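Reader: I have a model open on my screen and I'm not sure how to read it. Could you walk me through it?

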2 protein chains.
Amino acid sequence: MTAIRTKIAARTLAPGDRLPSIRGFAAAMGVSPSTVVEAYDRLAAVGLIRAQRGSGFYVSNNALPPLKLAETESPQTRTVDPFWVSRQSLDSDATVLKPGCGWLPADWMPNEALRRAIRSLARSDDDLLAYYGRTRGSLQLRHLLLARFAVEGIQATPDQLMLTSTGTQALDLICRFLLRPGDTVMIDDPCYFNFQALLKAHQVKIIGAPYTPSGPDITAFETLLSTERPRVYITNSALHNPTGATLSPQIAHRLLNAAARHETAIIEDDIFADFEPEPSSRLAALDGLNRVIRIGSFSKTLSASIRCGYIASRPDWIEGLLDLQVATNFGGPSPICTELIAHVLGGGSYRKHMEELRQKLVRARREAVDKLHRLGIKPWLSPRGGFYLWCQLPDGLDSTQIAQIALAENVILAPGNVFSVSQSAGRFMRFNVAHTLDSRVHRILEDVLRKAGQ
Amino acid sequence: MTAIRTKIAARTLAPGDRLPSIRGFAAAMGVSPSTVVEAYDRLAAVGLIRAQRGSGFYVSNNALPPLKLAETESPQTRTVDPFWVSRQSLDSDATVLKPGCGWLPADWMPNEALRRAIRSLARSDDDLLAYYGRTRGSLQLRHLLLARFAVEGIQATPDQLMLTSTGTQALDLICRFLLRPGDTVMIDDPCYFNFQALLKAHQVKIIGAPYTPSGPDITAFETLLSTERPRVYITNSALHNPTGATLSPQIAHRLLNAAARHETAIIEDDIFADFEPEPSSRLAALDGLNRVIRIGSFSKTLSASIRCGYIASRPDWIEGLLDLQVATNFGGPSPICTELIAHVLGGGSYRKHMEELRQKLVRARREAVDKLHRLGIKPWLSPRGGFYLWCQLPDGLDSTQIAQIALAENVILAPGNVFSVSQSAGRFMRFNVAHTLDSRVHRILEDVLRKAGQ
């Protein structure tokens, strides 16, 4: 391959020229003809040469210049909106520090269990490797999920569960199923920034219920249900993003009664469930999956490179959601992905991985609180688990401005207002404790706070 | 595991009972304590037992009865609508014959190349296994795609390309980007049934241009553009689904001019491109990706179990589509999936696989034509490639009725009207030649036609 590439680069072989015959080139290079065939095929795959049936290989006329795939995906000039944190942190390279991102460092994930699952996948049968799979997704993974639901007190039957491409797509499908443009949707203020981005795509009116350390402010919640009549309320009950708060049983109960009175459906995104030391109140469990729809994924605890989400809901809604998923995605997640997830989740090492992860996060949280405290940054509350700290900055500082200064220093932060529909969280910042331990983060933050304070 | 399962089933261990200690049970069974830990963890993963911190393992109170995951996904009673073929063929088991389905048999796919790619994936670094990946998707796969585009005469730059979860999701994203409820969209009549299903989800008005053996009926097409002013036209140029027809250069040219006059965007779904013996006219190539958007996937040639699609378009549209994909899917396909696809596509064996596949399909097509001919079923045209035959049934037979009778015999057919927005294809049926070779198909079809003719 190198020999041919060099000849093309040096124009010894020009566009349209025939390449040496396979046999002749093999003899000249002292390799087997099959080695030459493979090298030619690889060069053809990248478009440098092309095969002409029955006549050999030629240098492409339209051979591309070596591609400079320089990525322009992290413009410094982008507005700090609900897309800002995700686009910046997904598209930045490994040299960028990401205390604002929404995932754990790669070496905190169960990679060895995953490698075992991948090796086992290589031995699976042709049908699994070739076919789309069922519309509800892998039987084995659904079985494992139902068992886990039962432990959390959620009794669901197989016809109440479907797998989706991603956790976000689970939410998107439900919004398409339940909402029409112009409808009203309630979210927490603050809440996960992508809920706002997604709801904007659905062209609905977004209202926010102020969030307290034990759930939404229930009086404000009840008033908003009466006055605004939202069709849907979206929340995280366990380890709420960004605050790390947990819904109390009392608020859960009142909230559910209010939603029933006003016929509001509730989407409970339980993506951080596995990070809790013990399961807390679940709206899905209280309600019995009647008006509450539970969604989740495996991106935070297992792998974000193996995308898969799920929806647990009323059976009639699942049936409609399945049609919608066929129409818009031709089925659910990649069967090879669900096979890998089921292998890790059903394997003996997952529980231990999660236990170790929780311990590691307890230590990381303590250390991050200390470090941030020294900068005058204070947590709003002390979360029971997970990897977020929702923090207040020292007086007079604006988190959006700080995030912009930090970006220039190759540090991605998560400024409060990207989480806030009312834009009332300008003094707040969400920190991912696992990414805040890096000593460079502390040094740069110190510097950035000083600059911003001037 | 079996020992514990048996005890639980026999109620020797009742809900709430403490399991034998790990050390004690290991000694009793003559295995190592770590073996018992793993067995207990696996039983906990399926919910049969639960771990209580510092106190050992207990039989779950809410242990589920062994799940009967009987699937109810193929109701015989379902209406024969655009969802019918997909839901029936995705959810039926391996004993059902599927001459109506839209994919090749598993043993026709490049499974060995895929297994090599999977083994190589097991050795990749933690970052690839753990992280979401870039919003545009794998650099390597995009590089390979741009090289392939160049061979088809489509010159695109890296900022004109993004990867998506699936080919269908590519189309869905574009519709969300370009359309609003109430807009008009033109499709071919007949066309791939899922275009209709998807457009219905977007609440747009659907109009159909009659399809001829060389593309849409251009006079009708031009008239519809003037009178109905569709915002978007969706088509397959190469090996059109279901007819197998190919767009002629003359129609391509006129069509593009008409679309330009009326400011209609065109989505060219090139999912069957690799099945052509030589590339035919591409709207994307003629237009230079200005108003034409090209989409595709790898499900038909490489694997449907590894979902990934792509969009090539104007750079400013790609930028908007990326935001939309973050909002609705939090990024694109699973990075492990794109890694596997890039490995196979960039490997030396893919070109040979495709050449063999095309040869195999030539033979299968000939044989299917012969077999169907003996039943009085005649192809509308002789396709240049691919795996579909669009056929006319003998006089007086209705393809929907035949499909319903065949379903009762465990054969899934693709009746004409699921492809036709005007419902004018009642005498047509789409056959997948690779699945039509099975001798049982011929026998059952013969029987079904006889019953329907009575």
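**Where two chains meet**

Author: Happily! Let's start with the surface that two chains hide from each other: chain B and chain A bury about 9600 Å² between them, with 56% of that area on carbon and sulfur atoms. Keep in mind as we go that this is a predicted model.

Reader: How many residues does each chain bring to the contact?

Author: Here you look for residues with heavy atoms within 4.5 Å of the other chain. Chain B gives 109 residues and chain A gives 109 residues.

Reader: And how many salt bridges cross the interface of chain B and chain A?

Author: For a salt bridge, look for a side-chain nitrogen of Lys or Arg within 4 Å of a carboxyl oxygen of Asp or Glu. Across the interface of chain B and chain A there are 10 salt bridges by that rule. One to find on your screen joins the side chains of D41(B) and R351(A), at 2.4 Å from N to O. Polar contacts can be counted too: 48 residue pairs make them across this interface, counting pairs with both residues at pLDDT 80 or more.

Reader: Which helix gives the largest share of the side of chain B that touches chain A?

Author: That is helix α7 of chain B, residues 139–151, which supplies nine residues. Sorted by class, the side of chain B that touches chain A holds 49 nonpolar, 28 polar and 32 charged residues.

Reader: Now cysteines. How many disulfides does the structure hold over all chains?

Author: To call a disulfide, you need two cysteine sulfur atoms within 2.5 Å. Over all chains, the structure holds zero disulfides. Take C337(B): its nearest cysteine sulfur belongs to C337(A) and lies 3.6 Å away, so with a cut-off of 2.5 Å this residue is in no disulfide. For C175(B), also in no disulfide, the nearest cysteine sulfur is that of C191(B), 12 Å away.

Reader: Is C175(B) buried or exposed?

Author: Buried means under 20% relative accessible area. C175(B) has 1% relative accessibility, so this residue counts as buried. C337(B) is buried as well, with a relative accessible area of 0%.

Reader: Last one: what does chain A look like as a whole?

Author: Begin with its elements: chain A has 18 helices and 14 strands. Its C-alpha trace spans about 85 × 60 × 45 Å along the principal axes. Of its 454 residues, 61% count as buried. Finally, among contacts in chain A with a separation of 6 or more, 72% come from residues 24 or more positions apart.

Definitions and conventions:
Residues numbered from 1 in each chain as written. Chains lettered and ligands numbered in written order. Predicted model: local features only at pLDDT ≥ 70, side-chain atom pairs only at ≥ 80, totals over all residues. Heavy atoms only, no water. Buried < 20%, exposed > 50% of the residue type's maximum accessible area, 1.4 Å probe, protein only. Buried area = accessible area lost by both parts, 1.4 Å probe. Polar contact = N/O pair within 3.5 Å; in protein donor to acceptor, adjacent residues only side chain to side chain. Helix = DSSP H or I, 4+ residues; strand = E, 2+ residues; numbered from the N terminus. Nonpolar A, V, L, I, M, F, W, Y, C, P; charged D, E, K, R; others polar.
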